[in-house]
Amino acid sequence: MTTSPLLQDRTPGAARREGSPGIALAVIAACQLMVVLDATIVNIALPHIQKALAFSTTDLTWVVSAYTLTFGGLLLLGGRAGDILGRRRVFMAGILLFTVASLLGGLAQEPWQLLAARALQGIGGAIASPTSLALVTTTFPEGPERNRAFGVFAAVSAGGGAVGLLAGGMLTEWLDWRWVLFVNVPIGLIIAFLTPRYIAESERHPGRFDVAGALTSTLGMASLVYGFIRASEQGWRDGLTIGSFVAAVALLVAFAQIERHAKEPITPLRMFADRNRSGTYVLMLSLAAAMFGMFFFIVIFVQDVLNYSPIKAGLAFLPVTVAIAVGAALSQRLLPVLGPKPFMAAGSAIAVVGLGWQTLLSPDSSYVGGVLGPMMVFGFGMGLNFVTVTLTAVSGVAPHEAGAASGLLNATQQVGGSLGLSILTTVFGTASRDAATEKLPDFMAHATPEQQAVFARTHQLPAPWSHEVLAHGISTAFLPAVAMAVLALLTALLVIRVRKSDLEALSGTAAAAGPVGG
């Protein structure tokens, strides 16, 4: 195997070990796996986290959103930091921050401590993840060696979610939910130890940090998400609910103004000038919003209503990754011939069917008919969209802006997921309260004295009444998820255009693309 020219460089920033590109790739891939894995490995542990730290179901969404908001909001800033300060240096800083945050999260004794740690994890991931992809290009020379490295990187990204489901189930059931966070500590320390020894520092490029843009966008979206979650608990007339929405509007307007006038904006607004590219961002935002909410609520359903163990819950989600892979492979093969529009439209329509099916969930739903069937349908639809949306987002972009275009798509996915989860949670909270009120007379008439004593102390209905309330809340929450998928479908039908130039560009890039993971 040929050694990268950068590894042969003996400048002060060069790696101390030469001729070990395999180890360098393993280090980079391990970082990406850790960041991608974090989304699903924690999801499986959510019911156990809820019980251990006394989260309400609505507040529990912050365990997911605290990570995705900071990760998505600061992703572009992390990539810019690598260019300006040196990618290896920034990569190590992100890994160490992610590692420390994982340790703090595992040690958390109060809900706010876990949420703060999850936010720090998101910041660390936003610093390390975009830099890890860039390090592939600087560590491996152009040609077969770099292509193989990108193949490994793509496989890790695509498979990380499935690994996280299994790992999360095993760690939660065999050890404790805290180990879904503790497991990152030894991995992070090993990566930090090996990085300066096997990965060379990149050349620095002068530039500016758009810190104001990154902060206003992240805080604006966080305020918007908080407003929806607060509304689910305190109502739409609550002062903090109204204040958070006002703050969100003010911050996001400020963000738009900052980006218009910044010399080096973190989100170049010209990216939205292309009709197809703007459509892909709407598609990703809508479908990610539905997807994050679906996984969150189904994880709770299979463990709290179907009484699945964490390991069994992890295994229950694995078929979805197969459905996504099949859809991605089909679209990748036919995309150069048919163009993006048919796959975006078909994928979004299939996602609508899958999410609509999930509105039928009830306490009597089986895994095969009530969970597996609709998830497989939805997963196949998402698979048709993943490769299509990714390639369309970067099609026709100047080489020096390709990173910004793909990074913006990734950020849209993360932020859209947080926003969608908060909206679904708002509907869930309202529907659950109404269902609990309806079930209360039946509970008081038929509950045992012991059950009534527990209710008087906890104000929580026991099973089977709690199962009926939870299932009703979840099935109702999928109604806005259906609406989000319908928005994606309308965007695909009315906004996306099939252009000859796109078909020509895709014929040379689709074969090299892989499904997007995470």
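So, how many aromatic pairs does the count come to? The count comes to 11 aromatic pairs. Keep in mind that what we're looking at is a predicted model.

Let me walk you through one example. A pair of aromatic rings is described by two things, the distance of the centres and the angle of the planes. Take Phe296 and Phe297: their ring centres are 5.1 Å apart and the planes sit at 90 degrees, and over 60 degrees counts as edge-to-face, so that's what this pair is. Is Phe296 buried or exposed? Phe296 is buried, because its relative accessible area is 1% and the cut-off for buried is under 20%. Phe297 is at 1% relative accessibility, so it counts as buried too.

Now stay with Phe297, because it pairs with Phe428 as well. Here the centres are 5.1 Å apart and the planes are at 40 degrees, so this pair is called tilted. And look where the two partners come from: Phe297 belongs to helix α12, residues 275-304, while Phe428 belongs to helix α16, residues 402-446. They're 131 residues apart, so to speak, and the pair links distant parts of the chain. Phe297 and Phe428 are both buried.

Elsewhere, Phe228, Trp236 and Phe245 make up one aromatic cluster. We also have charges over rings. Arg197 lies over the face of Phe193, 3.9 Å from the ring centre. Then there's Lys312, whose charged end sits over the ring of Tyr308 at 4.3 Å from its centre.

Okay, let's zoom out. The protein has 19 helices and 0 strands. Out of its 518 residues, 55% count as buried. If you take contacts between residues at least 6 apart in sequence, 83% of them join residues at least 24 apart.

Last stop: empty space. Rolling a probe the size of a water molecule over the atoms shows where such space is left. The second largest pocket holds about 1000 Å³. Which residues lie nearest its centre? Those are Gln50, Thr57, Gln460, Leu461 and Val469, out of 28 that line the pocket. Elements giving two or more residues to this lining include α3 (46-53), α4 (57-85) and α18 (465-494), and also α12 and α16, the helices of our tilted pair. In fact α16 gives the most to the lining of the second largest pocket, with 7 residues. By type, that lining divides into 14 polar, 10 nonpolar and 4 charged residues.

That's my tour, thanks!

How values were computed:
Residues numbered from 1 in each chain as written. Predicted model: local features only at pLDDT ≥ 70, side-chain atom pairs only at ≥ 80, totals over all residues. Heavy atoms only, no water. Phe/Tyr/Trp six-rings, centres within 6.5 Å; stacked < 30°, edge-to-face > 60°. Buried < 20%, exposed > 50% of the residue type's maximum accessible area, 1.4 Å probe, protein only. Helix = DSSP H or I, 4+ residues; strand = E, 2+ residues; numbered from the N terminus. Lys NZ or Arg CZ within 6 Å of the ring centre and 35° of its normal. 1 Å grid on protein atoms, 1.4 Å probe; cavity = no way out; pocket = protein on both sides within 12 Å on 5 of 7 lines; lining within 4 Å. Points joined across faces, edges and corners; volume = space filled by probe spheres on them. Nonpolar A, V, L, I, M, F, W, Y, C, P; charged D, E, K, R; others polar. Contact = heavy atoms within 4.5 Å.
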